[in-house]
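This report describes the open and enclosed spaces of one protein model and the surroundings of its ligand. Please keep the sequence and the structure in view while reading.

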Amino acid sequence: MLRNALLYLSSQPKVFSFVRHNRMAKGFASRFVAGETLDTALEAVAQLNAKKITASLDLLGEGVRNEKDARDSARQYINMLDRIKKSGLDANVSVKLTAMGLDLDEELCTANMQDILDRAREHETFVRLDMEGSDYTQRTLDIFYNRLFPCYRGNVGIVLQSYMYRALSDVEQANDAGARVRICKGAYKEPASVAYPDKKDVDESYVRCMRALLMNGHYPGIATHDERMITETKRFARENGIESTQFEFQMLYGVRRDLQEKLVREGYRLRVYVPFGTQWYPYLMRRLAERPANVAFITGNVLKEMVGRRG
Ligand code: FDA
């Protein structure tokens, strides 16, 4: 119930306007979001790189209101690619198509992505299309396969979500096409008509997708903090003679930092997804929904602050 409530709140802009300048909320967000500016995000990437962890930078901002906003988001991504190149950091970027104008006009969204991918190609780097709620799944894949992947094969990849019933067949399509996939469990509130309601089924689907990607995929990103999924990935790779350089684990900024460092120590590749920007609220609420214990963490800090003020 708490998960559903948090996911509902994640889509309420009025709540965001309320918490946007709240010191406690911002303090908590800083655990999962690398600041509000590109400079703070690049600093976070430098710290990760120093620990032999690569990164994928995400400029937070899901709904754009008009063409100008969408073009501005694309320009910011191009600037991110330039700054990453100039700083010599080991990072790529992750983009949401809604931030490029998918809800306004598919042509505008595609043109924005083409501009970003032209620059990614120039810098020989990579752009990942994040996957959003199920209303966007087919549209995202259509733009990817019909408009972007044929021209920018080595520079663009997609995300698939194991909670979707269609996940394995989408993985097989990507493997056949030669497309790079990040597999995750999925973070949105979905109806039982399109996604497994039970975690057990989501996890089983994740293992099926992971195996298909390791066997027939193209440098897959295994994105999870679930130790059982990670252990199974390592075991499957070992048993099938798949080298640790043929895939990478991926985790979110601020989540299971202990596990992140352990994987690196063991010699696995790890990329951390580093979100930043002023529009941190929906992202933060999805992270809370994944682990409602984080709500207790916030509440605990509020109480500590109240006690501190009295003392
Ligand atoms: P699960 O939710 O079962 O969690 C396993 C364990 O991980 C928990 O028991 C806890 O210990 C830890 N954990 C998980 N989330 C935590 C949190 N927020 N705080 C603290 N601990 C936590 N989703 C999507 O729909 N589209 C996308 O494009 C992406 N992109 C993406 C990129 C990367 C790099 C990652 C790692 C994840 C995504 N996701 C995503 C999010 C993903 O779908 C999923 O919601 C989260 O990764 C949580 O699922 P886990 O696989 O970690 O398992």
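## The largest pocket

In this predicted model, the elements that each supply at least two residues of the lining of the largest pocket are helix H1 (2-10), helix H3 (23-32), S4, S5, helix H9 (199-216), S7, H12 and helix H13 (293-310). The largest share of that lining comes from H12, which contributes five residues.

The largest pocket holds about 1400 Å³ of space and is lined by 48 residues, of which Lys185, Gly186, Ala187, Arg287 and Glu290 lie nearest its centre. Sorted by class, the lining of the largest pocket comprises 21 nonpolar, eight polar and 19 charged residues.

## The ligand and its contacts

The largest pocket is the space that the ligand takes. Around the ligand there are 25 residues, and those that come nearest are Gly186, Lys199, Thr224, His225 and Glu290. Gly186 and Glu290 are also among the residues that lie nearest the centre of the largest pocket.

Two contacts involve an oxygen atom of the ligand: a backbone N or O atom of glycine 186 lies 2.6 Å from such an atom, and a polar side-chain atom of lysine 199 lies 2.6 Å from such an atom. On the nitrogen side, a polar backbone atom of methionine 131 is 2.8 Å from a nitrogen atom of the ligand. Taken alone, the ligand exposes 930 Å², and the protein buries 86% of that area.

## The shell around the ligand

Which elements give two or more residues to the shell around the ligand? They are strand S4 (156-161), strand S5 (180-184), strand S7 (248-252) and helix H12 (281-290). Strand S7 gives the most to this shell, with three residues, whereas in the lining of the largest pocket the largest share belongs to H12.

The residues of the shell divide into 11 nonpolar, six polar and eight charged.

## The largest cavity

Apart from the pocket, a search of the whole structure finds two cavities of 30 Å³ or more. The largest cavity has a volume of about 50 Å³, and its lining consists of Ser56, Asn92, Ser94, Arg128, Arg182, Glu248, Gln250, Arg271, Val272 and Tyr273. Two or more of the lining residues come from each of strand S2 (91-95), S7 and strand S8 (270-276).

Strand S8 gives the most to the lining of the largest cavity, with three residues. By class, this lining divides into two nonpolar, four polar and four charged residues. Strand S7 thus appears both in the lining of this cavity and in the shell around the ligand.

## The second largest cavity

About how much space lies in the second largest cavity, and which residues line it? The volume is about 40 Å³, and the lining residues are Thr137, Leu160, Gln161, Met164, Arg166, Ala167 and Asp170.

At least two residues of the lining of the second largest cavity are supplied by S4, and at least two by helix H8 (167-177). The lining of the second largest cavity has three nonpolar, two polar and two charged residues. Strand S4 also gives two or more residues to the shell around the ligand and supplies at least two residues of the lining of the largest pocket.

Key. Residues numbered from 1 in each chain as written. Predicted model: local features only at pLDDT ≥ 70, side-chain atom pairs only at ≥ 80, totals over all residues. Heavy atoms only, no water. Near = heavy atom within 4 Å. Polar contact = N/O pair within 3.5 Å; in protein donor to acceptor, adjacent residues only side chain to side chain. Areas by Shrake-Rupley, 256 points an atom, 1.4 Å probe, with all protein chains shown as cover. 1 Å grid on protein atoms, 1.4 Å probe; cavity = no way out; pocket = protein on both sides within 12 Å on 5 of 7 lines; lining within 4 Å. Sits in = over half its atoms within 2 Å of the grid points. Helix = DSSP H or I, 4+ residues; strand = E, 2+ residues; numbered from the N terminus. Nonpolar A, V, L, I, M, F, W, Y, C, P; charged D, E, K, R; others polar. Points joined across faces, edges and corners; volume = space filled by probe spheres on them.
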